[in-house]
Amino acid sequence: TSSQVYQLKISLKRMRHPIWRRVLIPATARLGLLHQVIQIVMNWGGDHLHAFAVGNEHYGDPFTSPDLDDEESLRLSGAFTPSIRTITYLYDFGASWYHDITCEKVLDLDIDATYPVCVTGRGDFPLEYWTDEDDDQQPIPFDKDKVNSRLADVHQRVIG
């Protein structure tokens, strides 16, 4: 698995217009890194609680959610198995931003590539703090280049 990359589709559920991102991330990455990637590709602020559901197990940050298993204890290669192809990510327990994360493909790692990377996506960035009074608030268009610039910073922290 150290020479594999997962192609994941991250889809925001219950949206009138589809919002999704496709990313490549090493199979050895932990759920904590996937959390960072989701924050970037969806343009979330990162100031709310989050949790992953992998089968019947739930993972998160043990400092903010001590009732969850530690997200750093599970690699993607352990989360995605032949029987589990989709996991769930919940961001902001009040607003309930639910995401399906589906492992679409397992690819060979390209030693010259930078991971994680967003390869495509659809839909504007969701408005994290939208209320009924915000009807005039304009959505921010999805910008793959800006997303990948921010993901490159994550790559530097991971390998640095």
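This briefing covers the side-chain contacts of the structure, taking aromatic pairs, charged contacts and cysteines in turn. The model is a predicted one, and the values below are computed from its atoms. A search of the whole structure finds 2 salt bridges, the count of aromatic pairs comes to 5, and the number of disulfides is 0.

**Aromatic pairs**

- Among the 5 aromatic pairs is the one formed by Trp-44 and Tyr-91, whose rings are tilted with respect to each other, at 5.3 Å centre to centre and with 35° between the planes.
- This pair links distant parts of the chain, since Trp-44 lies in the loop between α1 (31-41) and β3 (50-54), whereas Tyr-91 belongs to strand β6 (residues 86-91), 47 residues apart.
- Both partners, Trp-44 and Tyr-91, are buried.
- Trp-44 also forms an aromatic pair with Trp-97, again classed as tilted, with 4.7 Å centre to centre and 45° between the planes.
- Here too the pair links distant parts of the chain, with Trp-44 in the loop between α1 and β3 and Trp-97 in strand β7 (residues 97-108), 53 residues apart.
- The relative accessible area of Trp-44 is 3% and that of Trp-97 is 14%, and because the cut-off for buried is under 20%, Trp-44 counts as buried, as does Trp-97.
- Taken together, the ring pairs link Trp-44, Tyr-91 and Trp-97 into a cluster.

**A charge over a ring**

- The charged end of Lys-9 is placed over the ring of Trp-20, at 4.6 Å from the centre of that ring.

**Salt bridges**

- Side chains of opposite charge can pair when their charged atoms come close, and the structure holds 2 salt bridges.
- One of them is formed by Lys-13 with Asp-100, where the closest N and O atoms are 3.6 Å apart.
- Lys-13 sits in the loop between β1 (4-12) and β2 (19-26) and Asp-100 in strand β7, so that the pair, with partners 87 residues apart, links distant parts of the chain.
- Lys-13 is partly exposed, with a relative accessible area of 35%, and Asp-100 is likewise partly exposed, at 25%.
- Glu-104 forms a salt bridge with Arg-22, and in this case the closest N and O atoms are 2.5 Å apart.
- Because Glu-104 is part of strand β7 and Arg-22 part of strand β2, this salt bridge ties together parts that are 82 residues apart in sequence.
- The two partners fall into separate accessibility classes, as Glu-104 is partly exposed with a relative accessible area of 33%, while Arg-22 is buried with 18%.

**Cysteines**

- A disulfide is a covalent bond between the sulfur atoms of two cysteines, and the structure holds 0 of them.
- For Cys-103, the closest cysteine sulfur is that of Cys-118, and because the sulfur atoms are 16 Å apart, they are too far from each other for a bond.
- The same holds when starting from Cys-118, whose closest cysteine sulfur is in Cys-103, at 16 Å.
- Cys-103 counts as buried at 4% relative accessibility, and Cys-118 counts as buried at 2%.

Definitions and conventions
Residues are numbered from 1 along each chain as its sequence is written. This is a predicted model: local features need pLDDT of at least 70, side-chain atom pairs count only at pLDDT 80 or more; totals for chains, interfaces and linings use all residues. Side-chain values use heavy atoms; hydrogens and water are left out. A disulfide is a pair of cysteine sulfur atoms within 2.5 Å. Buried means under 20% relative accessible area, exposed over 50%, partly exposed in between (1.4 Å probe, protein chains only). Rings of Phe, Tyr and Trp (its six-membered ring) pair if their centres lie within 6.5 Å; planes under 30 degrees apart count as stacked, over 60 as edge-to-face and the rest as tilted. Helices (H or I, at least four residues) and strands (E, at least two) are DSSP runs, numbered from the N terminus. A charge sits over a ring if NZ of Lys or CZ of Arg is within 6 Å of the ring centre and within 35 degrees of the ring normal. A salt bridge is a side-chain nitrogen of Lys or Arg within 4 Å of a carboxyl oxygen of Asp or Glu.
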